Amino acid sequence: LVALCALAGIGLLVHAALLSQLTTDAGYYLATAELVADGSVVYRDIGLTYTPLALWIAAMVRSVVGESTSYGTHAGVLAAFHIANALLIWALARCLTRRAVLAAGAGAISLLLFYRYGGMHWVLEPFTNLFALSAAWAVFRRPRSWRWAAVAGFGIGLAFLTKQYGVLLLV
């Protein structure tokens, strides 16, 4: 059942990546990332209502891939973040339960929920979730370690830099 959920989740992400359409939000984010990749400076040249880390990630993708970057390339990056989020949910669940099947089920079901939330529309939440989940995993991994607490703080900072509401995910 867990394997079936995981395969269904990955299948739906592939389906969404192949058939996704550009939404208003995705167009705004990716157009802003294009401007950043072309040398514009956030908050000086570009008015922005969110913190800029996810847009910088999209700008880096364009810088690496080149001007021929397509929406499909960005959708592939988004799918990688969805899968990394599912793996972090699995790792968090492993910290909370000894039952590997429950942990794998949590990760697999999260893929389905990520698809249901936004499909492959380019939004900020998958990036925010990755950093917030990393912070939570660091805390659960070694609850009394100051080193892991520092890693968690770094994760919270990155979540905030991706979208200012990112810190609320852990509250």
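## Briefing: helices, core and aromatic pairs

Phenylalanine 81 and phenylalanine 127 are both buried (under 20% relative accessible area, where over 50% is exposed and in between is partly exposed, with a 1.4 Å probe and protein chains only). This is a predicted model, in which local features need pLDDT of at least 70 and side-chain atom pairs count only at pLDDT 80 or more, while totals for chains, interfaces and linings use all residues. Residues are numbered from 1 along each chain as its sequence is written, and side-chain values use heavy atoms, leaving out hydrogens and water.

**Overall make-up**

- The protein chain has seven helices and zero strands; both kinds of element are DSSP runs numbered from the N terminus, with helices (H or I) of at least four residues and strands (E) of at least two.
- Read from the N terminus, the order of elements is α-α-α-α-α-α-α.
- Of the 171 residues in the protein chain, 42% are buried.
- Among contacts in the protein chain with a separation of 6 or more, 69% are between residues 24 or more positions apart; a contact means heavy atoms within 4.5 Å.

**Aromatic pairs**

- A pair of aromatic rings is described by the distance of the centres and the angle of the planes.
- Here, rings of Phe, Tyr and Trp (its six-membered ring) pair if their centres lie within 6.5 Å, and planes under 30 degrees apart count as stacked, over 60 as edge-to-face and the rest as tilted.
- The structure holds four such aromatic pairs.
- In one of them, the ring centres of phenylalanine 81 and phenylalanine 127 are 4.3 Å apart with the planes at 55°, so this pair is tilted.
- That pair links distant parts of the chain, 46 residues apart: phenylalanine 81 belongs to helix H4 (residues 71-96) and phenylalanine 127 to helix H6 (residues 125-141).
- Tryptophan 137 and tryptophan 148 make an edge-to-face aromatic pair, with 5.3 Å from centre to centre and 90° between the planes.
- This second pair also links distant parts of the chain, as tryptophan 137 is in helix H6 and tryptophan 148 is in helix H7 (residues 146-162), eleven residues apart.
- Tryptophan 137 counts as partly exposed at 22% relative accessibility, and tryptophan 148 counts as partly exposed at 24%.
- Tyr28, Tyr29 and Tyr50 come together in one aromatic cluster.

**Nonpolar core**

- In soluble globular proteins, nonpolar side chains tend to be buried together.
- A nonpolar core is taken here as a set of buried Ala, Val, Leu, Ile, Met, Phe, Trp, Tyr and Cys residues joined through side-chain atoms within 4.5 Å.
- The largest one has 29 residues, and Tyr29, Ile57, Trp122, Leu124, Phe127 and Phe131 have the most contacts inside it.
- Helix H2 (24-37), helix H3 (53-65), H4, H6 and H7 are the elements that give two or more residues to this core.
- Leaving aside residues up to four places away in sequence, tyrosine 29 touches Tyr50, Leu55, Trp122, Val123 and Leu124.

**Packing of H6 and H7**

- H6 and H7 pack with their axes 8 Å apart and at an angle of about 165°; axes are lines fitted to C-alpha atoms, for helices over the stretch in contact, and angles run from 0 to 180 degrees between N-to-C directions.
- The two helices, H6 and H7, are therefore roughly antiparallel (over 145 degrees, where under 35 is roughly parallel, 65 to 115 roughly perpendicular and the rest oblique).
- The crossing of H6 and H7 is left-handed, the term for a near helix turned anticlockwise from the far one by less than a right angle, with right-handed used if clockwise.
- Residues that meet across this pair include Phe127, Phe131 and Trp137 in H6, and Trp148, Val151 and Ile156 in H7.
- Valine 151, in helix H7, is partly exposed at 41% relative accessibility; its C-alpha is 8.4 Å from that of serine 134, 17 residues apart in sequence.
- Glycine 153 is also found in helix H7 and is partly exposed, with a relative accessible area of 40%.
- The C-alpha atoms of glycine 153 and alanine 138 are 9.2 Å apart, with their positions 15 residues apart along the chain.

**Packing of H2 and H3, and the loop between**

- H2 and H3 pack at about 60°, with 8 Å between their axes, and are therefore oblique to each other.
- Their crossing, that of H2 and H3, is right-handed.
- The contact involves residues including Tyr29, Leu30 and Val36 of H2, and Leu55, Trp56 and Arg62 of H3.
- Tyrosine 43 is placed in the loop between H2 and H3, and its phi is near 75°, a positive value in a residue other than glycine.
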